[in-house]
Amino acid sequence: MTGEGEPQTRDGFSGKRGFILSSIGSAVGMANIWRFPAMVSLWGGLTFIIPYLIFVVLITATGVIGEFTLGRAAKAGPCGAFGMCTEHRFGNRRIGERIGLIPVVGSLALAIGYTCVVAWIIKYTFMAFDGELFAMGQDMDAIAGMFNDTAGAWGANAWVIIAAVATMLIMSLGVSKGIEKANNVLMPLLFALLIGLTVYVATLPGATAGYSYILTIDLDLLANPLVWVFAFGQAFFSLSVAGNGSVIYGSYFKKNESIPSAAFYVALFDTVSAILAAMIIIPAMAAAGAELNEGGPGLMFIYIVNVFNGMEGGYIVGIVFFVSVLFAGMASIVNLYETPVSFLQERFGTNRVKATVSMVVLGGIAALCIQSVVSPWMDGVSIYICPLGALLAAIMLFWVAGKDFAESNVNEGAKKPIGRWFVPMGKYAYCALSLVALVAGALLGGIG
């Protein structure tokens, strides 16, 4: 079955490689590059990494595979996919389509916030090349003032417009000619730059203290439930499971390709990018004699700028770092806008260019208006809408569509059938943990 109003000819990824690289691009983002290193530092290296890796395996084996499966089975985004499930079980498509609006709205809301963040990154990348960042030296007042001006009300108007236009150009070309081709270039370059930065930072005097910290494990702290809650939250949002982006990308995946295999590679490279970011930022801060528990936007736009400006070759390192972050940000923002763009195409039969222009212009205007409240905006979406979207997607696949439906669709194109553990683990463990993410996020003020 397909989504209501779906066009006769539907774009899609040309093959497994394009799908994997694009899905990696959707997952690799700010959560990996500034949040993961801060969490590793805050919770003591391996003390955080061990539970994080456990949850990455669990979420990949259930949530990531499940959302890819849901999208591919429906050949539609959240509304069409949820509608397919409720029609399959209850003979009523409208119920699912209306529920599917929740992750669509969540994706658009995140895209609006990301438009601001990507605008900041574009500005800082330009300033890195121009030398303006490096010229500020280690004057923390000047560096902090620059960021406060940028992130204030109407502080990055031109850069927001540039971010929106760049997104619009990539997405207007379509899935295979735009999104896939962009990720085929951006993702290999991103990992090449991250690896290069990791090697360079390793040569800095004092960097070994950072590696020692990363390899630290505190068994008493490991027994603290909060470590596990925060590790789950980080893995949850890092893998981009929210009932939207993974569903829509799954809808473009060919039926003769293996979903479990693709999900494995997405999780692998998403985790590698997070580890590389930690192995760049924490040793670099150690080499500069800095505190290792700084987090949030200030880590990337204030504190790390100060660190780079104080190290040998910092001008070049700053350029490479912000170019890397820009690649990650652009890949993520394209994925976030894709869900609402696809919704317009499926529901109203709008052509690709009109749907893209409509949604990105709407998102760009909203982004201009929320520049002074980006952090609470993103927190609100990540605390409530994203975990709810992920929980709803899991309920639709594992509970509403049911065991036979889930197993037959996940195994399509796979050389070896997935284990019998898939449905019970998704139905009980993953749904329960998604509910925990929603409740704990609300109680703790955000865990992603």
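The legends below describe close-up views of a predicted model.

**View 1. A salt bridge between E87 and R93, and the network around it.** In this predicted model, a search of the whole structure finds 5 salt bridges, and one of them joins E87 to R93, whose closest N and O atoms lie 3.1 Å apart. The two partners differ in how far they are covered: E87 is partly exposed, with a relative accessible area of 30%, whereas R93 is buried, with a relative accessible area of 15%. Side chains of opposite charge can pair when their charged atoms come close.

**View 2. The salt bridge between E412 and K255.** The side chains of E412 and K255 meet with a distance of 3.7 Å from N to O. This pair links distant parts of the chain, since E412 belongs to the loop between α20 (403–410) and α21 (422–444), while K255 belongs to the loop between α14 (245–251) and α15 (259–287), the two residues being 157 residues apart. Both ends count as partly exposed, E412 at 30% relative accessibility and K255 at 32%.

**View 3. The salt bridge between R352 and E338.** Here the N to O distance is 2.7 Å, and the pair connects helix α18 (residues 352–369), which holds R352, with helix α17 (residues 314–348), which holds E338, the partners being 14 residues apart. R352 counts as buried at 13% relative accessibility, and E338 likewise counts as buried, at 0%. Returning to the residues of the opening view, salt bridges that share partners join E87, R93 and E97 into one network.

**View 4. A nonpolar patch on the surface.** The side chains to find in this view are F264, Y265, L268, F269 and V272, which together make a nonpolar surface patch of about 410 Å². Of these residues, V272 has its place in helix α15, and V272 is partly exposed, with a relative accessible area of 31%, which puts V272 over the 30% that a residue must exceed to be part of a patch.

**View 5. Aromatic pairs, with F13 and Y252 as one example.** The whole structure contains 28 aromatic pairs according to the search. In the pair formed by F13 and Y252, the ring centres are 6.0 Å apart and the planes stand at 80°, so the arrangement is edge-to-face. This pair also links distant parts of the chain, with F13 in the segment before α1 (16–27) and Y252 in the loop between α14 and α15, 239 residues apart. Both F13 and Y252 are buried. Elsewhere, ring pairs link W120, Y124, F147, F301, F308, F321 and F322 into a cluster.

**View 6. Charged side chains placed over aromatic rings.** The charged end of R347 sits over the ring of F348, at a distance of 5.7 Å from the ring centre. In a second example, K427 lies over the face of W399, and here the distance to the ring centre is 4.5 Å.

**View 7. The surroundings of F405.** F405 is found in helix α20 and is buried, with a relative accessible area of 13%. When its neighbours within four places in sequence are left aside, F405 is in contact with A73, M84, H88 and L397. For orientation in the wider model, the C-alpha atoms of F405 and R10 are separated by 23 Å, these two residues being 395 residues apart along the chain.

How values were computed:
Residues numbered from 1 in each chain as written. Predicted model: local features only at pLDDT ≥ 70, side-chain atom pairs only at ≥ 80, totals over all residues. Heavy atoms only, no water. Salt bridge = Lys/Arg side-chain N within 4 Å of Asp/Glu carboxyl O. Buried < 20%, exposed > 50% of the residue type's maximum accessible area, 1.4 Å probe, protein only. Helix = DSSP H or I, 4+ residues; strand = E, 2+ residues; numbered from the N terminus. Patch = residues over 30% accessible without salt bridge, like charges linked within 9 Å, V, L, I, M, F, W, Y side chains within 5 Å. Areas by Shrake-Rupley, 256 points an atom, 1.4 Å probe, with all protein chains shown as cover. Phe/Tyr/Trp six-rings, centres within 6.5 Å; stacked < 30°, edge-to-face > 60°. Lys NZ or Arg CZ within 6 Å of the ring centre and 35° of its normal. Contact = heavy atoms within 4.5 Å.
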